[in-house]
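Thanks, everyone. I'll keep this short and talk about strand pairing. Have a look at the structure first.

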Amino acid sequence: QVQLVESGGGLVQAGGSLRLSCAASGRTFSGYAMGWFRQAPGKERELVATISSGGTRFYVDSVKGRFTISRDNGKNTVYLQMNSLKPEDTAVYYCAVGRGSFRSDGFGSWGQGTQVTVSS
């Protein structure tokens, strides 16, 4: 059974940084895409960033140049480095495992989420 555990969320002032981590267990994840999503109050869950099994990265426009997704296959862990945070980045952040190697394969397993709150 796939398990994903996020950590690293918290309260930060605008302009600050946070690094989210997602530890995966239950199988080997090196052959699968990994992703970060977020859901703000009253809004639908949205894609933030993905990384394919080969390391190709994708970012939603609103975080380009500020967020960096990376993965350590030896540790079965995916990270999201978030810099220059803005109040509009406030949300619950979820990591997810892809159904295949690429973002286009979709995502099928989710963590429980970690809260990120950015104060102005």
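Start at Y93. Across from Y93, in strand 11, stands T114. This is a predicted model, by the way. Strand 11 covers residues 114-119, and its pairing with strand 9 is antiparallel, with three bridges.

Stay on strand 9, residues 91-98. Is strand 9 mostly covered or mostly open? Mostly covered: seven of its eight residues are buried, meaning under 20% relative accessible area.

Strand 9 has further pairings. Take strand 10, residues 107-110. Strand 10 runs antiparallel to strand 9, joined by three bridges. One pair to look up there: V97 has S109 as its bridge partner.

Then strand 4, residues 34-39. Six bridges link strand 4 with strand 9, again antiparallel. Here Q39 faces V92 of strand 9.

Now to another sheet. Which strands form it, and in what order? Four strands, ordered 1-3-8-7, in an open sheet with antiparallel pairing. Strand 1, residues 3-7, and strand 7, residues 67-72, are the edges. Each has a single partner strand, so one side of each lacks a neighbour in the sheet. On average, neighbouring strands here are turned by 15° against each other, ignoring direction.

Zoom in on the strand 7 end. Strand 7 runs antiparallel to strand 8, residues 77-82, and six bridges join the two. F67 is a handy place to check this: its bridge partner in strand 8 is M82.

One general reminder while you look at side chains. In a regular strand, they alternate between the two faces of the sheet.

To recap strand 9: antiparallel to strand 4 over six bridges, to strand 11 over three, and to strand 10 over three.

Notes: Residues are numbered from 1 along each chain as its sequence is written. This is a predicted model: local features need pLDDT of at least 70, side-chain atom pairs count only at pLDDT 80 or more; totals for chains, interfaces and linings use all residues. Side-chain values use heavy atoms; hydrogens and water are left out. Two strands pair if DSSP finds at least two bridges between them. Axes are lines fitted to C-alpha atoms, for helices over the stretch in contact, and angles run from 0 to 180 degrees between N-to-C directions. Buried means under 20% relative accessible area, exposed over 50%, partly exposed in between (1.4 Å probe, protein chains only).
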